[in-house]
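Here are a few exercises to work through with the model open in your viewer. Try each one yourself before reading the solution.

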Amino acid sequence: MIVQTALLIGVVIFSVLAIVLKDLLKSAIALAVASLLLGIIFFRMNAPYAGVFEISVVAGLITVLFVLTIALTKTDEEVRESRLVNWVFPLVFIAFIVIDALVMKGLLGKVPALASGAESGTFGEVLWRSRTYDLVGQIAVILAGVFSVLALFRKREKND
Amino acid sequence: MIILFVVLPLVVAGILPLVGKVSRRVLPDVLANATLLVLLAYAAIAGRALIAGGPVVQQLAWLGESVDIRLALDGLSLFMLLAVALVGFAASLFSIDYMEHYGAKANYYALYLVMIAGMNGLILARDLFSVYIFLEVAAIASYALVAFGLAHDELEAAFKYLMLSVVASAFLVGGIAVIFGMTGGLDFAAVGGALRELNAGPVMAVASAFFLLGFGLKAALVPFHAWLPDAHPSAPAPISAVLSGLLIKVSGVYALARIFLNVFGLTPALSTALMGLGVLSMVVAAFLALGQKDMKRMLAYSSISQVGYVVLGIGIGTPLGIAGGLFHLFNHALAKGLLFLSSGSVQQATGTRDLDEMGGLGRRMPLTAATNLVGALSIAGVPPLNGFWSKLLIIVALVQAGHPVYAVIAVLVSVLTLWYYLLIQRKAFFGQLNEKWAAVKEAPFWMTAATVLLAVLCVGIGILFSSTITTWIQPAADVLADGIHAVTGSWGF
């Protein structure tokens, strides 16, 4: 329980850091740490597939993409941020924590516990047999992503 | 093979960029339009025969082995598929000439077809998580399409749209997680059945609030509407037509109605919330539309206001109210599609969207002016056009259900709507021809063909409204009015 709580607090702290840190590189790494901790929580809660994906894709692959992108951008341009952000985020965050603390404990007691145990079936079975329609959707998401990149980074033919 | 509605546009989208290397214009035009025409014919002609014996629930087999692609086609989903195919076809017809100067046409059609596939996939889904996935498919394609012109304001609008849309997605995933936690299932029928046995008021309230926020953002109901007046006007005209005509209704209103009415069951509290949001959107957006100088921005605010009517109608929960809401959804899809396409014709001819700069364009573009007038009068609810009948149904349903105040508001907002549409008509098309536009010509053939097609439909459905209601609207409304039973009973669980 203590380990679990520590992990959860770690997720929250690193997520907040990812938002408030001004240096993009540090922010990307904070996000990676947060998702690494989340992956460990998944493992501890008997969801190894979710854990593997969280750590390999979100903590690994996406962080690499972020770092690469940051390395390719120029650093000398100062981006002006609205002052509003500085106090709106903490305010919303604190309000969220307060509401969460007040509401969630009561709610969780009312949620019936699902049958626990390791994830049923092999990974292939889950993906191909029981969530196949989502796979079609995933293919469509990838197509949409690829076409978006092609469209947004195309050479402007006549506009320029 | 109802999966064709999802797979056909996806496959064509996949090969389009390759085809674009061979033929930059003609082949992509033909392929995209032919695809949508096939879908339209399938929905309009074969669809009703398919569901003649009740809803079709299909489990697909792949190479002799059954896989878990289970789709459901009933009156409501068929009706939505028809709306998507119809407006989608008109907008892609319009794109033939309009997208000429943007370049990268094959790529444009590919994104466009992915967006259509996403909407169709959402409509056929019978599982909460599939709804979310296909909602994202359509949304991701639409972000890129809004930014397709690559100018500064287009990119900014797309970014704002992306950010608010992500918030909506987060709420939806949250809601789905809560439901999954409670019932252990995602399938509509399983969730509907489990929720009926489970007595979990407060948790349901949280899940409902999450869904209301998420779908409210997607449908751009006031007060979640901030992204729409930026995103819709910035997109190329055919995309504005599809976003306003279809996307906010499929990923907002359809998903909301399907989940709240068929899976959760409409409680009095939910009904009040939906009607309240509907009336608020109707009134606030109508006043905001009045103050606009940008033609497309005015149309965008009008979309929010008209979606308010749809949600108000469905929120009443009576069979007549639901039928009125769905009929208005269809009519608004046609008319708003038409208006955005006409505004595209005007923008392409004059290079501006500012109403104050226009004037007298009716002399130079008589067909565009006429079709625009049909669309405007239809949305404003002038008899005998289609929009009149759907608004009438909603107002009658409101009176019958004992909400006379809402009925009066609906009538007054309708007057307001007529006012700002006549403002567009007067400033853009009537009056003295501004000298600047002496050389303006009527829009090219395919653009005019698309607007004329939609205008003819607006008039035709207005005249043949009773047969439209019996053949298309009533079967769809019956599904929603049937409540939870529609999915737990007839979808077979």
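**Exercise 1.** Work out how many residues of chain A are in contact with chain B, and which helices of chain A supply them.

*Solution.* Keep in mind that this is a predicted model. Start with the count: 29 residues of chain A are in contact with 40 residues of chain B. Next, look at where the chain A side comes from: α4 (83-110), α5 (123-130) and α6 (132-152) each supply at least two residues. Now pick the top contributor, which is α6(A) with 15 residues. Finally, sort the chain A side by class, and you get 15 nonpolar, six polar and eight charged residues.

**Exercise 2.** Describe the fold of chain A in terms of its helices, strands and domains.

*Solution.* First, the inventory: chain A has six helices and zero strands, so to speak a plain α-α-α-α-α-α when read along the sequence. Then split the chain into domain 1 (1-74) and domain 2 (120-155). Taken over C-alpha atoms, the centres of these two domains of chain A are separated by 23 Å. Check burial next: of the 160 residues in chain A, 14% are buried. Last, take the contacts in chain A between residues at least 6 apart in sequence; 49% of them join residues at least 24 apart.

**Exercise 3.** Decide whether helices α1 and α2 of chain B run roughly parallel or antiparallel, and list what packs between them.

*Solution.* Get the geometry: the axes of α1(B) (residues 4-22) and α2(B) (residues 26-50) come within 9 Å and cross at roughly 170°. Angles over 145 degrees count as roughly antiparallel, so α1(B) and α2(B) are roughly antiparallel to each other. Now go through the contact residues. From α1(B) they include B:L4, B:F5, B:L8 and B:V12, and among their counterparts in α2(B) are B:L27, B:P28, B:L31 and B:Y42. By class, this contact has 14 nonpolar, two polar and no charged residues.

**Exercise 4.** Find which residues touch the most other members of the largest nonpolar core, then follow B:L111 to its neighbours.

*Solution.* The largest nonpolar core holds 215 residues, and B:V87, B:L111, B:V114 and B:V137 touch the most other members. Helix α10 (residues 237-264) of chain B gives the most to this core, with 19 residues. Now zoom in on B:L111. Leaving out residues up to four places away in sequence, B:L111 touches A:A144, A:F147, A:S148 and A:A151 in chain A, plus B:A141, B:A144 and B:L145 in chain B. To finish, note a second, separate core of seven residues, which includes A:L31, A:L37, A:L38 and A:A59.

Note on methods
Residues numbered from 1 in each chain as written. Chains lettered and ligands numbered in written order. Predicted model: local features only at pLDDT ≥ 70, side-chain atom pairs only at ≥ 80, totals over all residues. Axes fitted to C-alpha atoms, helices over the stretch in contact; angles between N-to-C directions. Helix = DSSP H or I, 4+ residues; strand = E, 2+ residues; numbered from the N terminus. Parallel < 35°, antiparallel > 145°, perpendicular 65-115°, else oblique. Contact = placed C-beta atoms within 7 Å. Nonpolar A, V, L, I, M, F, W, Y, C, P; charged D, E, K, R; others polar. Core = buried A, V, L, I, M, F, W, Y, C linked by C-beta atoms within 7 Å. Buried ≥ 20, exposed ≤ 12 C-beta atoms within 10 Å, placed from the backbone. Domains from an automatic or database assignment.
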